[in-house]
Structure formats: structure tokens, C-alpha cells
Amino acid sequence: MATDLAHHIQGISLVDTHEHLQKENEWVENGPDILQDLFGNYVAADLHTAGASPEAMQRLLSINGHYSYANPSTGGTPELMNPSGGGIAARFEDIREAWEASQFTGYGEAVRLIATEVYGIEEITGENLAAAQEKLQALRRPGERYRLLYDLANLDHVQIDDFCWACLPDHSGPDFFLYDLSWVGFCEGQVNAEQIHAETGVEVSGLASLRQAMEAIFEKWAPCAIAVKSQHAYSRTLNWIERSDAEAAAAIETVLRKPAEDVSLETRLCLGDWCWARGVELSTEHNLPFKIHTGYYAGNDRLPISRIPAGNMCALFARYPEVKFVLMHIAYPYSDELVALAKHYRNIWVDLCWAWSIDPYTSRDFLRRFLHAVPANKLFAFGGDTGWPAATVAYAIQARREIQRALEAEIDEGYMTEKNAMAIATRIMRSNQFSCFDVEGTRKNIRKTNALW
């Protein structure tokens, strides 16, 4: 029998703080086939770990080596055959054993949820997958991306990092699809003078003009941005060191003068730290939280663990106490350290985005440990961190189920009442996000901008 808590969690319009969703035209014109939609997300890493060959994965996730689809909105029929790998059933058969070994991981559970909740597939077989292709064609039409996310996943809005500065209104849902301003290239110490000039009109010739260009980027795009985002932990350490203008000036001179391959790591880190700090300062000036990838890497066979703990950034947190830092992915597997940081620093918010699918059991335990150590207003419950809407639907269902399990355990063990648990669910799934991010202000600015486009 469903409890009041279960009904409450299902009914909350959940804020999704992190996605990499493709735009509407990509979904409609170049979107996935059924295999790509189910397996073209994080589960591919588990399939690799389970022993699927690179060749089998290539056949699984590509058709003739690329997405080759007619436009479903005009009645086109997708090309279902791959000469090197056969049809849908044959492509699935190549990875079936790896799938059977992976189906109960967090990533595997999400695949099963896509199958059942979006496509009505109760058992994942080659035959059932081939039969579901027609339903996917019907979903790859204008407006269906929004419907899946708003109606089926019951999301209030999604915050999308599409790896660029521009935060243009998304005409398929201007109030719903909100965008992060990317700062990852600057944090890596990368300065593309030509690209910056095209964006801002500023000729970057040294540190002063670089600062001017950064300010111009924020002036142009910050009003319609929901946050600033960087995932430079994939390419460098999260350890931040304060750099002087003189040090950064020498570094940028080298970066502008030398070929990229001749720039030393220390020079990149020096310029990256300086640029990171300027982005932090500008984010505060424009009332934008600064999101940072912490912890686990997507993919396989590359996890330099010294880079990824959130504790590397303690000097940054102390230097900028007025900045809202959002630390993503619970710094998995260094989540104990993250609890301590969130407890200690008032300018840290913690985001469970992606974590539910990486490791549902640990994430459920993390939620409980966090609630017993850190004020409950410092946690965000969900972000799918994926590219196609069906996967976001599955990850949202997964998150709701795990939140319910965690809070039911709190009730069963006498730590809180059901009423308390319902209030906590509202906080972490919705209210905290509206308190941290200026959602309504961003929407207002987008509406003004949208009228001009």
C-alpha cells in the first residue's frame, strides 16, 4: 500500500539541476534508434567493464558508423540495417552477455526503466527491441522531448550544460530548458583568441584584454544563464592555487605565443587557476552559482584519483566565502569528505546529480548521512546528466524511488516522522534549488530576450 510519503514524492515537480540534453532539432532529426536510446548512455561503460568488445559496442551504438535517420516528423523511415552488424536484434545479441552481467547496476537499472516506462518493454530481448523501434519514431517528433520531461518525468525545469558560453532561449520550452554558462575551457587554461574575438569583439593580446573579454561574455550571456559550470576535473586537478596577475600575465603570454603542445602543464594550471578565480568573481557579481564537477569520471580506463576529491578546493572555498559553490556528483567515491566540507563551509551546496545511477545504494546511504550531519537546505536531489530525454525520465524515476527508500528508513528507525520526511523531500527535490538559483529571474530575462529573437 502506497504511503503518504510515496504519494508526496511522486507528486513533487522535481528540479533537474544537471543535464547535457541535445536540442530539439537534434532529437527530431538526428536522434537515437532504440538501441542508442537504451544503451547510448552511461551503461556503455558497464558493458565495457563486463567484457563487451569495442567492435560490438561500435555496432550497438552506430548505424553505418553514425546516426543515419530520416526525419520522423515528415514520415521518414529510419535505416535499421548496418551492413557490418546486421539489424537491431543482431546488434543487441553481440552485447547480450555483457548486458545480462550489468542489468542490476545503477546504470543497468536505468536502462530497464527506459524500457518499461517509456517503451513498454517488459523483457529486453532483440525481438522486443526491434518491435519498439516504431514507438521511438513516434516520440522523435517536435514537442515530445518536452512532454517526456515535463509530463512523464514530472520535472519543473532542467538546467543544461551544453559546453558553451551562449545561453540562448530554447524555443521548444523557454521557461523549461535553462542553460549554464560554461567556464571549463578557461579553467583548463585554454584561451582561443579567435573564438573569443568572434564572441565579444575583444582582441585578446594579454591579461588585461582577457579580463575584458571575460567580463563581456558575462555581460552578454549571464542574464539568461541559470549558473556557471565547469568540469575541468576531467583534464586537470581540482587543486586551486591563488595566482597573481604577474604570474598569470607571463602564463598567457606563453599560451598566446606557443603552439598548444609546447605549453607546459604548470603554465596551463597557472592560467587556469587565474581564469577560474575570475569566473568565480564574475558569477558572484551576476548572482550565479558556480557548479563544479567533482569525483567520478564517465567512461572507462582513466580515473586519476588524486585530481577528483572536492577537498582539493578548500583554498577556493575559503578565499570566496560569498560565492555559491555547487559540488556535483557527491564527489563519488569521496562522499565522506564532501559531507565534512558541506558541514564546514556555508558557501557549499551538494548535488546528487548522476550519483543515483553511478551507485544507488551508496547514494541512498549518502542522503541519510548528509541529513544527520549537514543542514537540510544545502542538498539538491537530482540531475540526470544525460543527452536524450528518455534516459532523463529513467534517472528521475530512479531518484524518486531511492529518496523514498532512504526517507522510509529514517521513519522506520525513529529519526523522523512521516510529516518530517515529506518536508525533507520537498526541500531537497525542489525548494532548495529555488532558494539557491534565481529561477524566476532567469525566466524573466529569457522571456525578454526571447521576444527579440
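**Close-up 1. Strand β5 in the predicted model, with both of its faces covered.** F290 and I292 lie on one side of β5, K291 and H293 on the other, and all four residues are buried. Strand β5 (residues 290-293) pairs with β4 in the parallel sense, over 3 bridges. In this pairing F290 stands opposite V228, and K291 stands opposite K229 of β4. With strand β6 (residues 325-328), β5 forms 4 bridges, again in the parallel sense. Here K291 of β5 has V326 of β6 opposite.

**Close-up 2. Strand β4 and its pairing with β3.** Strand β4 (residues 225-230) is mostly covered, with 6 of its 6 residues buried. Strand β3 (residues 177-182) runs parallel to β4 and is joined to it by 4 bridges. S182 of β3 stands opposite K229 of β4. K229 also stands opposite K291 in β5.

**Close-up 3. The open sheet and its edge strands.** The sheet has 8 strands in the order β1-β2-β3-β4-β5-β6-β7-β8, and the pairing is parallel. At the edges are β1 (14-19) and β8 (379-380), each of which pairs on one side only. Strand β2 (residues 155-160) runs parallel to β1, and 4 bridges join the two. E19 has I160 of β2 opposite. Helix α20 packs on the sheet and touches β1 and β2. The direction of α20 makes about 125° with that of β1.

**Close-up 4. The largest nonpolar core, viewed around F39.** This core has 147 residues, and F39 and L210 are those with the most contacts inside it. Helix α20 (residues 389-412) supplies the largest share of the core, 11 residues. Apart from its neighbours within four places in sequence, F39 is in contact with A44, L47, L60, L61, F92, I95, W99, V111, I124 and L129.

**Close-up 5. Helix α4 and the helices that cover it.** Helix α4 spans residues 43-50, and its buried residues are V43, A44, A45, D46 and L47. Two of the buried residues, A44 and L47, are also contacts of F39. The cover over the buried residues of α4 includes α3 (34-39), α5 (54-61), α7 (96-102) and α8 (106-119). Just after α4, G51 takes a positive phi of about 115°.

**Close-up 6. Helix α21 and the kink at R427.** Helix α21 (residues 418-436) has 19 residues. At 1.5 Å a residue, these should span 27 Å, and the end C-alpha atoms are 26 Å apart, so the two values agree. A kink of about 50° is nevertheless found in α21, centred on R427. The buried residues of the helix are A421, I424, A425, I428, M429, N432, Q433 and C436. Among them, I428 directly follows the kink centre R427 in sequence.

Note on methods
Residues are numbered from 1 along each chain as its sequence is written. This is a predicted model: local features need pLDDT of at least 70, side-chain atom pairs count only at pLDDT 80 or more; totals for chains, interfaces and linings use all residues. Side-chain values use heavy atoms; hydrogens and water are left out. A nonpolar core is a set of buried Ala, Val, Leu, Ile, Met, Phe, Trp, Tyr and Cys residues joined through side-chain atoms within 4.5 Å. Buried means under 20% relative accessible area, exposed over 50%, partly exposed in between (1.4 Å probe, protein chains only). Contact means heavy atoms within 4.5 Å. The expected span of a helix is 1.5 Å times one less than its number of residues. The bend at a residue is the angle between axes fitted to the seven residues ending there and the seven starting there. Two strands pair if DSSP finds at least two bridges between them. Axes are lines fitted to C-alpha atoms, for helices over the stretch in contact, and angles run from 0 to 180 degrees between N-to-C directions.
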